[in-house]
Amino acid sequence: MSKILLLGAGELGKEFVIAAQRLGQYVIAVDSYPNAPAMQVAHEFEVINMLDGEALDALIEKHTPDYIVPEIEAIRTERLYEYEKQGYHVIPSAKAANYTMNRKAIRDLAAKDLNLKTAAYRYATSAASLKKAVAEIGMPCVVKPLMSSSGKGQSTIKTAADIEKAWDYSQEGSRGDVAEVIVESFINFNYEITLLTVTQQNGNTLFCPPIGHRQERGDYQESWQPAAMSAAHLQTAQDMAAKVTAALTGAGIWGVEFFVGDDGVYFSELSPRPHDTGMVTLANTQNFNEFELHLRAVLGLPISEITLERIGASAVILAKGNSENPTFTNIETVAAATKSDFRLFGKPTSRPYRRMGVVVTYDSLDCSISEVTQRAKELAAQVEVKL
Ligand SMILES: Nc1ncnc2c1ncn2[C@@H]1O[C@H](COP(=O)(O)OP(=O)(O)OP(=O)(O)O)[C@@H](O)[C@H]1O
Ligand SMILES: NCC(=O)N[C@@H]1O[C@H](COP(=O)([O-])[O-])[C@@H](O)[C@H]1O
Ligand SMILES: [Mg+2]
């Protein structure tokens, strides 16, 4: 049995722990607040601020884990290099966690070092330098804090009047200690995908069928698998995913995000861990879901193939406001629906737009993906998070 230290204990971590429990592994789940979803199913839990390097050091020393598995981005990732030097196994690697924690590191690696096609971009450190960057990139453009996720602090600038607001909003949504933003040209894409990519210790890299998704406020609303796309675009995306994951090194699952426009495939960003849009695999669309794939890759258990078993979709259940004791109404309707399932994450509190659960739907391979997606969306819309 291996000891896994899971840094981040949200809904993605919870499913990862469940997969680990099924294979008899020992998990310690860590987050900044007690009773986080993954803590509810782990052997042990710890509550610390993972941006605090000393607190992180103390945790590693206390537990001496076989695997350190980051589940969120907001971690003092510089310390992970040190743990690797000491012989700890960081998933997928200290470099991967460190580069993807900061949009600047991963974007420069992808666009400059690896020559991947990305949106044009600049960086800015103040409202004044943002103005200059916007002038160079042109409008519309998208502003994001260098350190943020799930669309926090992200906005689109359409006119000069938006610039000041975009700066202020980015500073409210930024985590960590870097007051810098990336400004990207707005890609008028036809669709966007997540390409779940599995790198393995045996060197055999596998790809899941592409996942389509729709975002609002920079956060995913529905996802579906497979996403319809041309073989040529899929090949381009797979080549880019192979390059960027190889450069970041290590074994595990990665959620590689792409925009597909009339002028081809753009690399956007990637998660060196299961991806939220990949929750569609909880509908058993594949022989292994994304959490099982991550676990197997972490443990060095060879994965021979990833097969699509049926089509599926996921739709999020979001809270409308703040609550110290959120409950759900109308779950019976979802339960009664055929070819569907749901997860309630067990988050102890809610805030506006916090993701509290997900509905998944599925059907056989010859069925319509848009109908399956519509069904997930309609079912999720019936559930209300009571405050
Ligand atoms: N340059 C762009 N042009 C057009 N749309 C964009 C651009 N950048 C981001 N978006 C939209 O915003 C969404 C969120 O952006 P991004 O993935 O960079 O944010 P994030 O905060 O890292 O989200 P997450 O952590 O959930 O992946 C994208 O999936 C896309 O729909
Ligand atoms: N796009 C990244 C993502 O989906 N991350 C998932 O959300 C959790 C945080 O949720 P919270 O903000 O509701 O605590 C994270 O722990 C992870 O599971
Ligand atoms: Mg993203």
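These legends go with a set of close-up views of a predicted model with two ligands.

In this predicted model, local features need pLDDT of at least 70 and side-chain atom pairs count only at pLDDT 80 or more, while totals for chains, interfaces and linings use all residues. Residues are numbered from 1 along each chain as its sequence is written, and chains are lettered from A and ligands numbered from 1 in the order in which they are written.

**View 1. The three domains, and where domain 1 meets domain 3.**
The protein chain is assigned domain 1 (3-90), domain 2 (120-185) and domain 3 (189-386); bounds like these come from an automatic or database domain assignment. Taken over C-alpha atoms, the centres of domain 1 and domain 3 are 22 Å apart. On the domain 1 side, 15 residues take part in the contact, and domain 3 puts in 14 residues (two residues are in contact if their C-beta atoms, placed from the backbone, lie within 7 Å). Which elements give two or more residues to the domain 1 side? They are α1 and β4, with α1 giving the most at seven residues. Sorted by class, that side of domain 1 has nine nonpolar, two polar and four charged residues. For the classes, Ala, Val, Leu, Ile, Met, Phe, Trp, Tyr, Cys and Pro count as nonpolar, Asp, Glu, Lys and Arg as charged, and the others, Gly among them, as polar.

**View 2. The shell around ligand 1.**
Here 19 residues surround ligand 1, and the closest are S149, E184, I187, Q215 and G218. A residue is near a molecule or strand if its C-beta atom, placed from the backbone, lies within 6 Å of it. Two elements, β7 (141-145) and β15 (264-271), give two or more residues to this shell; helices (H or I, at least four residues) and strands (E, at least two) are DSSP runs, numbered from the N terminus. By class, the ligand 1 shell splits into four nonpolar, eight polar and seven charged residues. Domain 2 and domain 3 each supply at least three residues to the shell around ligand 1.

**View 3. The shell around ligand 2.**
Ligand 2 is surrounded by 13 residues, and the closest are G8, G10, L12, S150 and D276. Which helix gives the largest share of this shell? Helix α1 (residues 11-22) does, with three residues. The ligand 2 shell has two nonpolar, five polar and six charged residues. Domain 1 and domain 3 each put at least three residues into the shell around ligand 2.

**View 4. An open sheet of five strands.**
The strands run in the order β3-β2-β1-β4-β5, and the pairing is parallel. At the edges stand β3 (44-47) and β5 (89-90), each with a single partner strand, so one side of each has no neighbour in the sheet. Two strands pair if DSSP finds at least two bridges between them. Strand β1 (residues 3-7) pairs with strand β2 (residues 26-31) over five bridges, in the parallel sense, and L6 sits opposite A29 in β2. Four of the five residues of β1 are buried, so this strand is largely enclosed by the rest of the structure. Over by β5, strand β4 (residues 67-70) makes a parallel pairing of two bridges with β5, and Y67 has H89 as its bridge partner there.

**View 5. E257 and E269, two positions from the UniProt record.**
An unreviewed UniProt entry lists E257 and E269 under "binding site"; UniProt positions are given in the numbering used here, feature names are shortened, and annotations may be inferred rather than shown by experiment. E257 lies in strand β14 (residues 252-261), while E269 is found in strand β15. Is E257 buried or exposed? E257 counts as buried because it has 21 C-beta neighbours inside 10 Å. With 17 such neighbours inside 10 Å, E269 counts as partly exposed. The cut-offs: buried means 20 or more other C-beta atoms within 10 Å of the residue's own, exposed means 12 or fewer, and partly exposed is in between, with C-beta atoms placed from the backbone. Leaving aside neighbours within four places in sequence, E257 is in contact with E192, T194, S268, E269 and L270. On the same basis, E269 is in contact with R103, I106 and E257.

**View 6. N102, in the loop between two helices.**
N102 lies in the loop between α4 (94-101) and α5 (103-113). With 18 C-beta neighbours inside 10 Å, N102 counts as partly exposed. Not counting residues up to four places away in sequence, N102 touches L146 and M147.
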